[in-house]
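Here are my notes on this model, in numbered points. Please read them with the structure open.

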Amino acid sequence: MSEKIWLSSPHMSGNEMKYIDDAFRRNQVFPLGPNVTGLEEDIVKFTGAGHCTCLASGTSAIHLALILLGVKQGDEVICSSFTFSASANPIVYQGATPVFVDSEPATWNMSPALLEMAINDRISKGKKPAAIVLVHLYGMPARLDEIMAIANRYGIPLVEDAAESLGSTFEGKYTGTFGEIGILSFNGNKIITTSGGGALLSANPEHCRKALFLATQARDNAPHYQHSHIGYNYRMSNISAGIGRGQMEVLSDRVKKRRENHFFYWKQLSDIQGIVLQEEPDSRYFSNFWLTTILIDPEKTGGINREFLYDELGKENIETRPLWKPMHLQPVFADAPAYVDGTSEGLFKNGLCLPSSSNITDEARAFVVKTIRKLLKH
Ligand SMILES: *Cc1c(COP(=O)(O)O)cnc(C)c1O
């Protein structure tokens, strides 16, 4: 196949330009504006989140979430270890220390047992965690019932990093709407995109109002630019939001297609010895399957491992990617406390993300399967 098959590429609906044209016609080429307000309304309507503030990125949304929850210098914040670094970096922006908690094998997300162990151990050391950053990786909802129960029992606020899980639900409720604050990302590789952007969700209107205030340089209500807080320039542009409005029109279709990709791969690959695909643990979990992921056990594939598949697929112009390298194994977080049992390390060692774009062609998808089966001698 000569044309590159991407891991997760942008997929426009065709209606984005309508919103962008509108902004140009009215000369609304600035941050804030009607497309931003419209996108916030679309997101609230889709997810059932009480309120939404659109921002420059998912990372800035996590940063503001921590500020809103009062995280400050010297605090500790619990964070899923198995994630992208953007979940943890804002903890450090605040001068706080991340405390990493490992995954459990069914959802690949934060282990409730290790979370509770971490909380008790930090409390015994005289430091009650100031917040928990919980990630729904690759779209799979975490064990929200147990995690919420623990967070509530200890009175620790939860930030849900739903950057990869827009459209996923647990017991019929959208991820990002369980915690005190939820965050979304509209980066170019996510299930929908604004070419770069994010959002902060909360049932509490005060959080969203304050997020907007901080994101617009924290200007007090005075004509002469008076400031009593340090502010940020974290607002989404009205042009980006126009892309987002066109994308929200097709979000349900995008979820449908990513799930269809996943079940296609499942049907075509799960008979192979040593290949395991992620599954929803039970009917309460509904994943958007942002990326379809496989685990390769070289002891069962006759020695064929993740590296080999990654290299060989790359030679065929098929983009794949190892699963996220856990944060507790990252050089930059080597000194951070971590409560781990090897689960995410094992996933990282054997896991590979397959091309999962919503605009992947049937031909390309079949070629990926054919190539994998050939490499594994099936
Ligand atoms: C993409 C991503 C983010 C960051 O979002 P940006 O919009 O790129 O800043 C945070 N957490 C996870 C798990 C992500 O995948």
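1. Start with Cys 353. Its relative accessibility is 1%, so Cys 353 counts as buried. Keep in mind throughout that this is a predicted model.

2. How far from Cys 353 is the nearest cysteine sulfur? That sulfur belongs to Cys 79 and is 18 Å away. Cys 353 is in no disulfide.

3. Now take the pair from the other end. For Cys 79, the closest cysteine sulfur is that of Cys 353, and 18 Å is too far for a bond. The cut-off for a disulfide is a pair of cysteine sulfur atoms within 2.5 Å. By that rule the number of disulfides is zero. Cys 79 is also buried, with a relative accessible area of 0%.

4. Next, the strands. Strand β2 spans residues 76-80. β2 runs parallel to β3, and five bridges join the two. One pairing to check on screen is Glu 76 with its bridge partner in β3, Thr 97.

5. Is strand β3 mostly covered or mostly open? It covers residues 97-101, and four of its five residues are buried, so "mostly covered" is the right description by the under 20% cut-off for relative accessible area.

6. β3 has a further partner in strand β14, residues 338-339. This pairing is also in the parallel sense, over two bridges. Here Phe 100 has Ala 338 of β14 as its bridge partner. β3 therefore pairs with β2 and with β14, given that two strands pair if DSSP finds at least two bridges between them.

7. Turn to the ligand. Which residues come nearest to it? There are 15 residues around the ligand, and Thr 59, Asp 161, Glu 164, Ser 185 and Lys 190 come nearest. By class, the shell has eight polar, four nonpolar and three charged residues.

8. Three side chains deserve a look for their distances to ligand oxygen atoms. A polar side-chain atom of Thr 59 lies 2.5 Å from one oxygen atom of the ligand. For Glu 164, a side-chain N or O atom is 2.6 Å from a ligand oxygen. For Ser 185, the corresponding distance from a side-chain N or O atom to a ligand oxygen is 2.7 Å.

9. Finally, how much of the ligand does the protein bury? Taken alone, the ligand exposes 380 Å², and the protein buries 93% of that.

Note on methods: Residues numbered from 1 in each chain as written. Predicted model: local features only at pLDDT ≥ 70, side-chain atom pairs only at ≥ 80, totals over all residues. Heavy atoms only, no water. Near = heavy atom within 4 Å. Polar contact = N/O pair within 3.5 Å; in protein donor to acceptor, adjacent residues only side chain to side chain. Areas by Shrake-Rupley, 256 points an atom, 1.4 Å probe, with all protein chains shown as cover. Nonpolar A, V, L, I, M, F, W, Y, C, P; charged D, E, K, R; others polar. Buried < 20%, exposed > 50% of the residue type's maximum accessible area, 1.4 Å probe, protein only.
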